[in-house]
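Colleague: Before I take any labels on this fold at face value, could you walk me through the reasoning behind them?

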Amino acid sequence: METKTKSCDPDAPIRLSLEVKPKTIQSGLRFGRGRVFRDKRSKGYMDLLGVLAKSSRPAKAWDGPVRVDVCFVFERPKGLRGTEREFAPVRPDRDNLLKPLMDALTIAGFWRDDGQVCAGETSKFYAAKGEPPKIEVLISRLTIPKVTRC
């Protein structure tokens with residue numbers, strides 16, 4: 001399930017909640033006969049992310065700099081005390097979690113190239129008690145600041 005903040009403004013920030021267990025895609029590329037292949041599990045995960053997010057994409061892929069804030073929410077370990085979200089300072093690494101998400105959002109048409117993502121925060125949490133694993137995303141346009149001397 002995913003949600004989007006509804007707005008008539010095509011430049012308004014987009015908020016997604018993708019109810020899927022966060023996964024990584026390691027390099028996992030195979031080479032053969034001059035072609036590069038991704039393993040089937042990795043491709044299936046990226047396809048799922050794209051399908052979940054696609055209905056919230058802007059009418060036209062955004063140009064220019066973009067900010068993407070992401071919160072990966074993992075299943076809560078049974079032995080963890082408390083009921084609120086807590087940081088998850090364990091593997092997988094943030095950069096390995098981000099790569100399939102960014103590729104999926106690029107393919108889904110949120111922006112032209114994930115190189116446009118110039119800013120953003122990435123967090124990893126264990127879910128609050130009773131909360132499902134998910135990926136929360138906030139996508140917003142960046143305004144270009146005037147260049148000043150340091």
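The conversation below takes up some of the labels given to this predicted model and asks what supports each one.

Colleague: What makes the contact between Glu 131 and Arg 85 a salt bridge?

Modeller: The term asks for a side-chain nitrogen of Lys or Arg within 4 Å of a carboxyl oxygen of Asp or Glu, and in this predicted model the side chains of Glu 131 and Arg 85 meet with N to O at 2.6 Å, so the pair fits the term. The pair also links distant parts of the chain, since Glu 131 sits in the loop between strand 7 (122-126) and strand 8 (134-141), whereas Arg 85 sits in the loop between strand 4 (66-74) and strand 5 (86-87), 46 residues apart.

Colleague: Which residues are linked with this pair in a network of salt bridges?

Modeller: The network links Arg 85, Glu 131, Lys 134 and Glu 136. Within it, Lys 134 forms a salt bridge with Glu 131, the closest N and O atoms being 3.3 Å apart, which again satisfies the limit of 4 Å. A search of the whole structure finds 11 salt bridges.

Colleague: Why is Arg 85 called partly exposed, and why is Lys 134 called buried?

Modeller: Buried means under 20% relative accessible area and exposed means over 50%, with partly exposed in between. Arg 85 has 27% and therefore falls in the intermediate class, while Lys 134 has 12% and therefore counts as buried.

Colleague: Where do Lys 99 and Asp 103 lie, and how do you know that they form a salt bridge?

Modeller: Both lie in helix 2, four residues apart, which is about one turn of the helix. An α-helix has 3.6 residues a turn, so residues three or four places apart point the same way. The side chains of Lys 99 and Asp 103 meet at 3.2 Å, N to O, so the pair is inside the 4 Å limit. Lys 99 is partly exposed, with a relative accessible area of 42%, whereas Asp 103 is buried, at 13%.

Colleague: How do you know that the span of helix 2 is close to the one expected?

Modeller: Helix 2 (residues 94-108) has 15 residues and reaches 21 Å from its first C-alpha to its last, and the expected span at 1.5 Å a residue is also given as 21 Å. Its buried residues include Leu 97, Leu 98, Leu 101 and Leu 105. The helix is followed by Gly 109, whose phi is positive, near 100°.

Colleague: Why is strand 4 described as largely enclosed?

Modeller: Eight of its nine residues are buried, so the strand is largely enclosed by the rest of the structure.

Colleague: What makes strand 4 and strand 8 a pair?

Modeller: Pairing needs at least two bridges, and eight bridges join strand 4 to strand 8, so the two strands pair, running antiparallel. Along this pairing, Asp 69 stands opposite Leu 138 and Cys 71 stands opposite Glu 136. Strand 8 also pairs with strand 1 (residues 14-18), in the antiparallel sense over five bridges, and there Arg 15 stands opposite Leu 138.

Colleague: Which strands run parallel to strand 4?

Modeller: Strand 7 pairs with strand 4 in the parallel sense over five bridges, and Tyr 126 in strand 7 is the bridge partner of Phe 74. Strand 6 (residues 117-119) runs parallel to strand 4 as well, joined by two bridges, and Arg 67 stands opposite Ala 119 there.

Colleague: How many disulfides does the structure hold, and are Cys 71 and Cys 118 buried or exposed?

Modeller: The structure holds zero disulfides. Cys 71 has a relative accessible area of 11% and is therefore buried, while Cys 118 has 56%, which is over the 50% limit and therefore makes it exposed.

Colleague: Why does Arg 76 count as buried, and which residues is it in contact with?

Modeller: Arg 76 lies in the loop between strand 4 and strand 5, and its relative accessibility of 14% is under the 20% limit, so the residue counts as buried. Leaving aside neighbours within four places in sequence, Arg 76 is in contact with residues including Glu 84, Glu 86, Tyr 126 and Lys 129. The side chain of Arg 76 also reaches the backbone oxygen of Arg 81 at 2.9 Å, which is within the 3.5 Å allowed for a polar contact.

Conventions:
Residues numbered from 1 in each chain as written. Predicted model: local features only at pLDDT ≥ 70, side-chain atom pairs only at ≥ 80, totals over all residues. Heavy atoms only, no water. Expected span 1.5 Å × (residues − 1). Buried < 20%, exposed > 50% of the residue type's maximum accessible area, 1.4 Å probe, protein only. Disulfide = S-S within 2.5 Å. Polar contact = N/O pair within 3.5 Å; in protein donor to acceptor, adjacent residues only side chain to side chain. Contact = heavy atoms within 4.5 Å.
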